[in-house]
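Welcome, and please open the structure in your viewer. We will go from stop to stop, selecting a few residues at a time and looking at what is around them.

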Amino acid sequence: MGGKLLTIVVIVLVVLAIGAGVVVWLLLQKKNDLAGDGTESVQEPAAAQVSMEKPPTFVALDPFVVNLQPESGERYLQVIMAMRVADEKTAQGLSAFMPEIRHRINLRLTGKLPSEISTPPGQEQLAGEIAADVNAVLGSPAERGPTAIVHSVLFNSFIIQ
């Protein structure tokens, strides 16, 4: 009696597992039919194209070492950064504005609390603010992005002590 009951339970479980598999397969087929006729392939978004014929131009800045706003004792920031610009001609033209650019960056950095810039999102926000400051000095119609004179600011080293 016990052996027959075990056999029946195993058969019922196998039938249920096969039934569940069929239901899942039917649901997936229905989902594909709603999305299209099933013959179309799903296309992933195209990756951003980078032209190696015209590589990006970066302007490296001398290191900055500034005192940060007091939060819990004296803290300072040492940062090395570069600015991405449209082309070599723009990079060469920045040298005439460099004293004012460095001044604006110093003001921006010394106005920060350590807690504001100790996380990656805080550092990204700071990079955007610096790009906007530099573009304002240069009279760029855009604050940042590919249409601005300075496309972005990148940190090569970022140390808070």
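**Stop 1: Thr57**

Start by selecting Thr57, which is found in strand E1. Keep in mind as you look around that this is a predicted model. Is Thr57 buried or exposed? Its relative accessible area is 10%, and the cut-off for buried is under 20%, so Thr57 counts as buried. Now show what surrounds Thr57: leaving aside neighbours within four places in sequence, it is in contact with Met83, Arg84, Val85, Ala86, Asp87, Glu88 and Ala91.

**Stop 2: the rest of strand E1**

Extend your selection to residues 57-60, which make up strand E1. One face of E1 is covered and carries Thr57 and Val59, while Phe58 and Ala60 sit on the uncovered face. Next, bring in strand E3: E1 and E3 run antiparallel and are joined by four bridges. Two pairs are worth picking out. Val59 stands opposite Met83 in E3, and Ala60 has Ala82 of E3 as its bridge partner.

**Stop 3: a step back**

Zoom out for a moment to see the whole chain. How many helices and strands does the protein have? There are five helices and four strands. Following the sequence, you will meet them in the pattern α-β-β-β-α-α-α-α-β. The protein has 161 residues, of which 26% count as buried. If you take the contacts with a separation of 6 or more, 66% of them are between residues 24 or more positions apart.

**Stop 4: strand E2**

Select residues 64-67, strand E2. The side chains alternate along this strand: Phe64 and Val66 point to one face and are buried, whereas Val65 and Asn67 point to the other and are not. E2 also pairs with E3, in the antiparallel sense and over four bridges. To see this pairing, look for Phe64 and its bridge partner Val79 in E3. Then find Asn67, whose bridge partner in E3 is Tyr76.

**Stop 5: Val85, and across to strand E4**

Move along to Val85, which lies in strand E3. With a relative accessibility of 1%, Val85 counts as buried. Which residues are in contact with Val85, leaving aside its neighbours within four places in sequence? They are Thr57, Val59, Thr90, Ala91, Leu94, Ile149, Val150 and His151. You have already visited Thr57, and Val85 was on its contact list too.

Val150 deserves another click: it is the bridge partner of Val85 in E4. Show the two strands together, and you will see E3 and E4 running antiparallel, joined by nine bridges. For a distance to try in the viewer, pick the C-alpha atoms of Val85 and Gly145: the two residues are 60 apart in sequence and 9.9 Å apart in space.

**Stop 6: the nonpolar core**

Now select Met81, Ile105 and Leu109, the residues with the most contacts inside the largest nonpolar core, which has 27 residues. Two or more residues of this core come from each of these elements: strand E2 (64-67), strand E3 (76-85), helix H3 (98-110), helix H5 (120-138) and strand E4 (150-160). Which of them gives the largest share? That is H5, with seven residues.

Centre the view on Leu109. Setting aside neighbours within four places in sequence, Leu109 is in contact with Phe64, Val66, Leu68, Leu77, Val79, Met81, Leu126 and Ile130. Phe64 and Val66 are the buried residues you saw on one face of E2.

**Stop 7: where H3 meets H5**

Show helices H3 and H5 alone. Their axes come within 10 Å and cross at roughly 145°, and the crossing is right-handed. On the H3 side, select Glu100, Ile101, Arg104, Ile105, Arg108 and Leu109; on the H5 side, select Leu126, Glu129, Ile130, Asp133, Val134, Val137 and Leu138. Colour this contact by residue type, and you will find eight nonpolar residues, no polar ones and five charged ones.

**Last stop: Asp133**

End at one of those charged residues, Asp133, which is found in helix H5. Is Asp133 buried or exposed? Its relative accessible area is 14%, and under 20% means buried, so Asp133 is buried. Which residues does Asp133 touch, not counting those up to four places away in sequence? The two to highlight are Arg104 and Arg108, both of them on the H3 side of the contact you have just selected.

Note on methods. Residues are numbered from 1 along each chain as its sequence is written. This is a predicted model: local features need pLDDT of at least 70, side-chain atom pairs count only at pLDDT 80 or more; totals for chains, interfaces and linings use all residues. Side-chain values use heavy atoms; hydrogens and water are left out. A nonpolar core is a set of buried Ala, Val, Leu, Ile, Met, Phe, Trp, Tyr and Cys residues joined through side-chain atoms within 4.5 Å. Buried means under 20% relative accessible area, exposed over 50%, partly exposed in between (1.4 Å probe, protein chains only). Contact means heavy atoms within 4.5 Å. Axes are lines fitted to C-alpha atoms, for helices over the stretch in contact, and angles run from 0 to 180 degrees between N-to-C directions. A crossing is left-handed if the near helix is turned anticlockwise from the far one by less than a right angle, and right-handed if clockwise. Two strands pair if DSSP finds at least two bridges between them.
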